[in-house]
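This note concerns the aromatic rings of the chain and their surroundings. Please read the numbered points alongside the sequence and the structure.

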Amino acid sequence: MLKKGISKTTIVFLVLMVFFFTSQINLSLLSRSNVSEASSIPKSRPGIVINKTREDRPARSPPNSISEVKRPITCDCSHHDYDLWFINGPTLLDPSTSTFFTTGPTISTSPDFAVKFRPYPRKTDERAKSKVNELTLTSAPPRSSCGITHSSPAIVFSTGGYTGNFYHQFNDGLLALYITINSLSLNRDVILTVTNWSDWWAQKYAHLLHRFTKHPIINMDNQTRTHCFPSAIVGLMTHGPLAVDPTLTQHKTLLDFHALLESTYSPRGKHVSTLKSKGARPQLVLVNRKNGVGREILNLKEALKAIEEVGFKAIVFEPKRNGAVGDTYRLLHGSHAMLAVHGAAMTHLLFLRVGMVLGEIVPIGTDWLAKTFYEKPARVLGLEYMKYKIEVNESSLAEKYGANDLVLKNPQAFVNGDWPKAKVYMKTQNVQLDMVRFRIYLKEVFVKAKRFMDKEG
């Protein structure tokens, strides 16, 4: 009985134990399986996703996005002497407000842009800019439609500033226009649009201006209708005093501008000069300052007598603002030497033939100006530059200040960077030539002028 009972009890116990351990094993395996699956999920910091596929990464901005679209109004403002503004697309000029509007498609999210600008290539000269009309360039929508539509771009500039001065007529105007047109490859397909218009200027340079454009010139100041252009350039470029940088103008130089003047005012390359005959004398043109503002030759009659006595045929030329450029050009181009006291009239060097003698009488305190503004371009043009540097006793300042005053002994120290002080040399100084010294100088000029005449006629 006992044996059987034990056996049954044992059997039941063993069955229960097998069931218990089997359950524990399954629970353990299930638990391990859950831990494994959980540990295969990478842990990461909030906001950071690890092992992102290429498809999950944000795409790059497509080309021609808002940031890459060309702005409708841009500026080349990197230069010391000038800024040049561009309206890069359809442009409307409202002359009643001196405003240029962009009229092409724009980005709707972009705010309206506006800038005020005086189109004259002396951007740091407040005195010059005060004489130049202020224009507005804006991307705001215009209030009017096109009155006159043009198919060529506008180039907008001013003949205000210092345009009354002959040097500035060229350096800040005509030469600057030449540089700008050639730098931007505009050829003659451009519409000159001028503010601060002067009738005398337009008439004086009419022939030359039409070498820059094949279109009528627009006087902004008297327009009553709006004008539309495919684009516009506002302002002019300059490379320095009577200078043209060939690296910036498709290899054009000052000699090319000189050739343009010659083809305009002496179209067949002819010049009026002393005939090659027995006893012919070289012709010297003395450009006389007679305006009461300094640097006049006080003993002009003596100077002219000396010029004739050394062998020249002397002609006195007194520039006038309304003088015919063609007549002046032919007079100087047909001569063999030109002589002038330092000043704007020296700009007539642009009218001389290559190889001619250019004489400059240099007063006290004007050495750097003479070299920079006239000697350097003269040498670029192949002229025979000859300087007559006056001495203290030839300056009218000696009587006023005394020969030992700093004004005369050391002009650089006297001015010391203060340009208004230099006016004493430019506005109040006249010249009393020492005829002994001057005759020696004239003889040297004559030798070179005679050599030029014998060679070129």
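1. In this predicted model, Lys-421 is placed over the face of Phe-414, 4.6 Å from the ring centre. The ring of Phe-414 therefore carries a charge above it, since NZ of Lys must lie within 6 Å of the ring centre and within 35 degrees of the ring normal.

2. The count of aromatic pairs comes to 21. In one of these, the ring centres of Phe-170 and Tyr-205 are 5.8 Å apart and the planes stand at 85°, so the arrangement is edge-to-face. Distant parts of the chain are linked by this pair: Phe-170 belongs to helix H3 (residues 166-183), whereas Tyr-205 sits in the loop between helix H4 (199-204) and helix H5 (206-209), 35 residues apart. Phe-170 and Tyr-205 are both buried.

3. Phe-414 also takes part in an aromatic pair, with Tyr-425; the pair is edge-to-face, at 6.2 Å centre to centre and with 90° between the planes. Because Phe-414 is in helix H12 (residues 411-415) and Tyr-425 in helix H13 (residues 423-426), the pair ties together parts that are eleven residues apart in sequence.

4. Are Phe-414 and Tyr-425 buried or exposed? Phe-414 has a relative accessibility of 19% and therefore counts as buried, the cut-off being under 20%. Tyr-425 has a relative accessible area of 1% and is buried.

5. Which residues form one aromatic cluster with Phe-170 and Tyr-205? The other members of the cluster are Phe-166, Tyr-178, Phe-257, Tyr-265, Tyr-329 and Phe-351.

Terms used: Residues are numbered from 1 along each chain as its sequence is written. This is a predicted model: local features need pLDDT of at least 70, side-chain atom pairs count only at pLDDT 80 or more; totals for chains, interfaces and linings use all residues. Side-chain values use heavy atoms; hydrogens and water are left out. Rings of Phe, Tyr and Trp (its six-membered ring) pair if their centres lie within 6.5 Å; planes under 30 degrees apart count as stacked, over 60 as edge-to-face and the rest as tilted. Helices (H or I, at least four residues) and strands (E, at least two) are DSSP runs, numbered from the N terminus. Buried means under 20% relative accessible area, exposed over 50%, partly exposed in between (1.4 Å probe, protein chains only).
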